[in-house]
Number of protein chains: 2
Amino acid sequence: MTGSRISGQVRIVGAGLLGASIGHGLRAGGVDVILDDASRSNLRLAIDYGAGRAAAPDDDPRLVVVAVPPDVTAEVVARELAAYPAALVTDVASVKSSIRSELVEAGADVERYVGSHPMAGRERGGAISARADIFEGRPWVICGGTIAQRRQLEDLALELGAVPVSMTPEEHDAAVALVSHVPQVVSSLLAARLIGAPDPAVSLAGQGLRDTTRIAGSAPELWVQILSANAGAVARILRAYRDDLDAVLSALEAPDAPGARRGIAEALASGNTGVARIPGKHGTSKQFARIVVKVEDRPGELGRLLAEMGDLGVNMEDLRLEHSPRAQVGFAEIAVLPEVEQRLVADLQERGWSIMGALE
Amino acid sequence: MTGSRISGQVRIVGAGLLGASIGHGLRAGGVDVILDDASRSNLRLAIDYGAGRAAAPDDDPRLVVVAVPPDVTAEVVARELAAYPAALVTDVASVKSSIRSELVEAGADVERYVGSHPMAGRERGGAISARADIFEGRPWVICGGTIAQRRQLEDLALELGAVPVSMTPEEHDAAVALVSHVPQVVSSLLAARLIGAPDPAVSLAGQGLRDTTRIAGSAPELWVQILSANAGAVARILRAYRDDLDAVLSALEAPDAPGARRGIAEALASGNTGVARIPGKHGTSKQFARIVVKVEDRPGELGRLLAEMGDLGVNMEDLRLEHSPRAQVGFAEIAVLPEVEQRLVADLQERGWSIMGALE
């Protein structure tokens with residue numbers, strides 16, 4: 001890498017996955033990174049892995065990044081604002097309004113605090129899992145600040161390969177409630193219904209259940225902090241969700257009543273409309289053609305398929321695997337640009353692959 | 001294929017994806033397959049594609065398979081029972097109790113009816129998408145019947161590569177409500193919350209939202225039939241879900257009240273417990289090691305990775321792709337047996353791949 005957008009020292013408080021990953025990314029650009037952590041052993045580990053150096057008495061950071069759990073973020077930000085009166089202080093917690101309120105209440109110098117939130121998609125793993133590139137191509141939300149302050153945080157995001165996005169703290173919290181916090185609650189509550197179900201029932205589980213409950217495996221300790229800190233925004237969306245659920249439930253309790261089936265159909269159709277809004281890989285909700293290829297379950301088969309697609313010059317826009325429980329066969333659903341679908345199907349069939357209908 | 005488990009003619013009513021796929025599978029074993037469909041053009045298409053032959057006056061099927069939409073299944077089963085008094089009649093609809101009740105009410109000869117449900121995982125696509133192998137390794141639920149009748153349907157399932165599972169109609173309906181119908185409602189209602197959300201909020205969507213809302217894209221016409229026909233079992237589970245949701249909502253509305261955080265944490269922990277019950281690829285919930293590899297977004301890159309894994313003799317147990325919106329890079333999360341993880345990471349790194357921490 002040739003030079004860095006960042007001038008001066010950067011101090012990172014919290015040497016977990018996010019903090020250490022920021023450290024790795026900045027060090028790659030030659031930045032002087034100071035690491036701190038309440039746990040001496042975490043700190044030692046992150047320094048050993050090359051995420052930065054230990055603090056020194058004459059440190060003079062221009063930027064402090066607080067990367068500690070949400071429930072102690074405000075407290076640490078306030079302490080850093082006081083300790084480094086010339087620095088801009090930011091944090092990377094996944095909630096923003098409540099941290100700002102806590103700082104205002106505590107009488108902190110909030111003029112030098114600008115919250116941010118890198119949507120890195122992985123918040124577990126600690127310093128050992130830290131990598132410079134976990135922010136690549138991800139949104140990095142920046143909440144408020146002066147033009148100069150925002151510029152400083154945009155440079156941080158860009159330096160790490162992220163895409164800076166400007167939002168108010170309230171816009172941010174409503175957005176993450178919608179795309180992250182409410183889905184977490186919905187998924188956890190759905191998975192909880194599996195407790196106590198008979199084994200044969202659970203054994204009928206297919207890809208639909210697997211997908212809807214995957215995030216139910218998330219760490220409760222972290223999520224209770226996130227949900228509590230964003231309780232208002234989450235509750236607002238969950239109330240609307242609960243009202244929709246009650247309507248469907250009423251319809252199901254009397255499915256032959258006038259309007260019941262129409263009500264159910266409208267709920268399902270609204271789901272179609274909503275899911276179509278989710279941006280695809282390239283930031284649009286462009287429709288790809290999807291083909292399903294049968295893949296034997298032995299080493300290298302899927303690799304062979306994808307290598308042959310590469311030979312054919314076809315780029316895969318998305319890939320989903322579906323397994324057959326108890327069988328040595330799987331299905332690869334491959335999304336490609338619609339214009340290449342026909343040729344790809346013909347070429348793959350010619351090479352002996354079984355092409356099947358689209359997955360549900 | 002050498003011979004078939006099936007003796008005598010099989011008549012299939014409904015030449016959509018399921019019916020035509022059964023036809024293809026049986027024909028591959030040399031079975032005389034008679035196809036029928038209310039739509040002459042559907043029927044023509046399925047016959048052209050080789051799923052069976054048209055009915056003839058002297059047909060004498062030993063088995064009739066009704067593969068029509070759920071809302072007309074009972075009616076068609078009753079008609080077939082009357083038309084072929086020597087045949088066992090089954091259906092493949094995804095609900096079972098209500099069809100049996102309708103038949104009893106209609107005075108049909110239910111002694112010769114045994115319901116079944118192949119969990120083929122894809123119910124759309126029509127005759128063109130039909131393939132003999134969509135049942136391979138999938139559960140095929142058989143509800144009731146005498147030993148001889150069950151044997152006849154088990155042979156049908158085995159002939160198509162499916163795994164026969166015995167359940168009562170009530171057990172089946174409770175099971176699919178849990179693993180399929182309730183997840184559909186939950187996912188559709190969640191996706192519906194995206195309607196009207198600001199674009200910047202939706203643009204923060206990550207893999208969690210994508211996974212939880214994927215099945216919200218399902219066809220409302222089919223699903224309103226399924227949900228109405230299994231309304232009782234679905235409502236029973238949704239009521240318990242709604243009660244859990246109300247409890248979380250109350251906690252979020254007063255997150256500082258005594259017990260509120262504990263309540264939220266317990267809901268999340270129950271989600272952990274529930275999701276751990278879902279069987280993995282090989283019919284167990286065995287834990288795999290998961291490694292994440294950075295993959296450039298160009299043709300053949302993922303293929304090259306998987307081919308190299310094949311060269312290393314490592315079988316992939318599961319694969320998940322995560323994309324970076326607006327970036328030409330993606331991440332492949334690969335599940336492998338824990339005992340091969342270390343060697344694989346070392347070998348891949350040696351070959352120049354970037355290995356990252358586990359995805360959330």
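This is a short conversation about a predicted model with chains A and B.

User: How are the two chains related, by what turn and what shift along the axis?
Analyst: A turn of 180 degrees with a shift of 0.0 Å along the axis lays chain A on chain B, and the RMSD is 0.1 Å. That is the relation of a two-fold axis.

User: And what share of the contact residues of chain A recur in chain B?
Analyst: The figure is 100%, and the same surface serves both copies.

User: Turning to the open sheet in chain B, what is the strand order?
Analyst: The five strands of that sheet are arranged 3-2-1-4-5, with parallel pairing. Strand 3 (53-54) and strand 5 (88-91) of chain B each have a single partner strand, so one side of each has no neighbour in the sheet.

User: How many bridges join strand 1 to strand 4 there?
Analyst: Four bridges join strand 1 (residues 10-13) of chain B to strand 4 (residues 63-66) of chain B. Within this pair, B:R11 has B:V64 as its bridge partner.

User: Now chain A. Are the residues of strand 6 buried or exposed?
Analyst: All are buried. A:G115 and A:H117 point one way from strand 6 (residues 115-118) of chain A, while A:S116 and A:P118 point the other way.

User: Which residue in strand 7 is the bridge partner of A:P118?
Analyst: The partner is A:W140. Strands 6 and 7 (residues 139-143) of chain A pair in the antiparallel sense, over four bridges.

User: Last topic: where is the kink in helix 14 of chain B centred?
Analyst: The kink, of about 25 degrees, is centred on B:L344 in helix 14 (residues 338-350) of chain B. B:G352 follows that helix and has a positive phi, near 95 degrees.

Terms used. Residues are numbered from 1 along each chain as its sequence is written. Chains are lettered from A and ligands numbered from 1 in the order in which they are written. This is a predicted model: local features need pLDDT of at least 70, side-chain atom pairs count only at pLDDT 80 or more; totals for chains, interfaces and linings use all residues. A residue is buried if 20 or more other C-beta atoms lie within 10 Å of its own, exposed if 12 or fewer, and partly exposed in between; C-beta atoms are placed from the backbone. Helices (H or I, at least four residues) and strands (E, at least two) are DSSP runs, numbered from the N terminus. Two strands pair if DSSP finds at least two bridges between them. The bend at a residue is the angle between axes fitted to the seven residues ending there and the seven starting there. Copies are superposed by least squares on the C-alpha atoms of residues with pLDDT of at least 70 in both. Two residues are in contact if their C-beta atoms, placed from the backbone, lie within 7 Å.
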